[in-house]
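Visitor: I am new to this structure and should like to understand the terms used to describe it. May I ask, for each term, what justifies it?

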Protein chains: 2
Amino acid sequence: MWRLHQFPLCPFSRAVRFAMAEKGVTAELVAAYPWERSETLSRLNPAIQTPVLENGQMVLCDSHAIIEYFDETVERPPLVGASASERAEARRLAGWFAQRFYSEVTAPLLAERMYKRLVSREMPDGIGIRNANRAAELHLQYVDDLLDENRWLAGPTFGIADVHAAAQISVADYLGGIDWRGHGQAKVWYSALKSRPSFRALLADRMEGIRPPPDYDKLDF
Amino acid sequence: MWRLHQFPLCPFSRAVRFAMAEKGVTAELVAAYPWERSETLSRLNPAIQTPVLENGQMVLCDSHAIIEYFDETVERPPLVGASASERAEARRLAGWFAQRFYSEVTAPLLAERMYKRLVSREMPDGIGIRNANRAAELHLQYVDDLLDENRWLAGPTFGIADVHAAAQISVADYLGGIDWRGHGQAKVWYSALKSRPSFRALLADRMEGIRPPPDYDKLDF
Ligand SMILES: N[C@@H](CCC(=O)N[C@@H](CS)C(=O)NCC(=O)O)C(=O)O
Ligand SMILES: N[C@@H](CCC(=O)N[C@@H](CS)C(=O)NCC(=O)O)C(=O)O
């Protein structure tokens, strides 16, 4: 039995949960908060980061490595893409959302709206939040542009680009950082994701002490 | 003919060059400096980052996506690993060096010792450099630990973990941030890399206006 060490607002853990659910692989969730630097997490992952997936014998760290592992060991549905060039585009975009969207949008929102509220008990910094919201706006514009070309972010089929984008966007949305107005294409795409049972399970999750906006898990938003 | 848009001290471009040379694929080098935000780079890569690899028809961005592309399209030598779990470990470590080592060591050294010297013409910040050197020390310790278990960083064979680690370390070394004393295992490993023709070509490269320490490209250091 796989155990996934994660917390509800970790976007990388969400990407892993989303991908595993698509593959039909189940995992028991174990709560882990990296900032507590627990002995268990440090022993499992020298980076002291979530997500970590383990089954008592094997330990897998890093959302990209974990998702590629399941794409290699569980045939259907394929998540990385068909041809080598489609796969390169899917990986480029997975990296885009896991790195740029995370560092410009999700990480500052987590710092201001989760960490300061739950851990350090400071007031959030309005400028930090405003910059994150502005960056989110540009990323949604990029999602619109990508969807001008393709049905899904990286090509004709659903895959890791959609998984990583949806994972990051859903955390930003939970923290009030997403404004869908003016992003019709992105909204249609996200609405299609919201109707997938694999993604709905994620959206049902709550971080204790922080409530998402009312439309967060609504199919109609 | 592939063209690689890069600059000599970009560690991600070095990783791509190293991997392509191992695979026996040649590319023409085109100088690109992300901070100049040239039209060409912005058009090729909306992230406005190096490396970008293109051949007039296809454009590949992101070092991980590019290296996986060549691992899928050029059979020998395999760079990602044999079994799914070896591949997961190799990808975890490639991510470790491309993200943690880069953000803790290479990026601050590039900011202080390259960007400030060549672009913004400011004095480097001694504290920033000292912190980067200290972080490098911990990473070399981790390399030693990994080599206690395996011949190469991620297992019995050379691969992407070694490529990404060597790319980052070589840039830090160029900028004076690596002290090998007390890291005998890491040094033996790096010395084996230095004797590979694929890596030697990289070390022969110079960034105009910045000279590396005398031992930087010596086999005996
Ligand atoms: N490259 C990792 C990044 C994971 C990551 O950054 N996780 C965050 C939580 S959302 C974390 O553990 N941060 C604590 C830290 O980096 O010290 C992945 O893709 O899984
Ligand atoms: N994820 C990318 C990272 C590339 C990257 O960060 N490149 C640096 C140069 S070493 C860059 O272009 N920085 C400018 C910027 O991020 O704006 C990769 O693996 O290729």
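Guide: Let us begin with the first helix of chain B in this predicted model. Of the 13 residues of H1(B), 12 are buried, so this helix is largely enclosed by the rest of the structure.

Visitor: Which residues of H1(B) are called buried, and what makes them so?

Guide: A residue is called buried when its relative accessible area is under 20%. In H1(B) the residues that meet this condition are B:Pro11, B:Phe12, B:Ser13, B:Arg14, B:Ala15, B:Val16, B:Arg17, B:Phe18, B:Ala19, B:Met20, B:Glu22 and B:Lys23.

Visitor: How does the reach of H1(B) stand against the expected value?

Guide: The expected span is 1.5 Å times one less than the number of residues. H1(B) has 13 residues, and from its first C-alpha to its last it reaches 18 Å, close to the 18 Å expected.

Visitor: What follows H1(B) in the chain?

Guide: The next residue named is B:Gly24, which follows H1(B) and has a positive phi, near 75 degrees.

Visitor: Across which strands does H1 of chain B lie, and at what angle?

Guide: Helix H1 (residues 11-23) of chain B lies across E1, E2 and E3 of chain B, and it runs at about 150 degrees to E1(B).

Visitor: What is the order of the strands in the sheet of chain B, and which of them are called edge strands?

Guide: The open sheet of chain B has four strands in the order E2-E1-E3-E4, with mixed pairing. Strand E2 (27-31) and strand E4 (59-61) of chain B are called edge strands because each pairs on one side only. From one strand to the next, the twist averages 25 degrees.

Visitor: How do you know that E1 and E3 of chain B pair?

Guide: Two strands are said to pair if at least two bridges are found between them. Strand E1 (residues 2-6) and strand E3 (residues 52-54) of chain B have three bridges, in the antiparallel sense, and therefore satisfy that condition. Within E3(B), B:Val52 is the bridge partner of B:His5.

Visitor: Through what do strands of a sheet pair?

Guide: Strands of a sheet pair through backbone hydrogen bonds, in either a parallel or an antiparallel manner.

Visitor: Why is B:Asn150 called partly exposed?

Guide: The term covers values between the buried limit of 20% and the exposed limit of 50%. The relative accessible area of B:Asn150 is 28%, so this residue is partly exposed.

Visitor: Where is B:Asn150 found, and with which residues is it in contact?

Guide: B:Asn150 is found in the loop between helix H5 (126-149) and helix H6 (160-174) of chain B. When neighbours within four places in sequence are left aside, B:Asn150 is in contact with B:Gly155 and B:Pro156. By contrast, B:Leu41 lies 109 residues from B:Asn150 in sequence and 39 Å from it in space, C-alpha to C-alpha.

Visitor: What makes the relation between chain A and chain B that of a two-fold axis?

Guide: A turn of 180 degrees, with a shift of 0.0 Å along the axis, lays chain B on chain A with an RMSD of 0.0 Å. That is the relation of a two-fold axis. In chain B, the C-alpha nearest the axis belongs to B:Gln99, at 4.6 Å from it.

Visitor: How do you know that the copies meet through the same surface?

Guide: Of the interface residues of chain B, 100% are also interface residues in chain A, so the copies meet through the same surface.

Visitor: Where does UniProt place the domains of chain A?

Guide: In an unreviewed entry, UniProt places "domain: GST N-terminal" at residues 1-78 of chain A. It lists "domain: GST C-terminal", also from an unreviewed entry, at residues 83-216 of chain A.

Visitor: What are the helix and strand contents over these two ranges?

Guide: Residues 1-78 of chain A are 38% helix and 21% strand, with end C-alpha atoms 22 Å apart. Residues 83-216 of chain A are 69% helix and 0% strand, with end C-alpha atoms 35 Å apart.

Visitor: Which strands of chain A does helix H3 lie across?

Guide: Helix H3 (residues 63-73) of chain A lies across E1, E3 and E4 of chain A, and runs at about 120 degrees to E4(A).

Conventions:
Residues are numbered from 1 along each chain as its sequence is written. Chains are lettered from A and ligands numbered from 1 in the order in which they are written. This is a predicted model: local features need pLDDT of at least 70, side-chain atom pairs count only at pLDDT 80 or more; totals for chains, interfaces and linings use all residues. Side-chain values use heavy atoms; hydrogens and water are left out. Contact means heavy atoms within 4.5 Å. Axes are lines fitted to C-alpha atoms, for helices over the stretch in contact, and angles run from 0 to 180 degrees between N-to-C directions. Copies are superposed by least squares on the C-alpha atoms of residues with pLDDT of at least 70 in both. UniProt positions are given in the numbering used here, feature names are shortened, and annotations may be inferred rather than shown by experiment. Buried means under 20% relative accessible area, exposed over 50%, partly exposed in between (1.4 Å probe, protein chains only).
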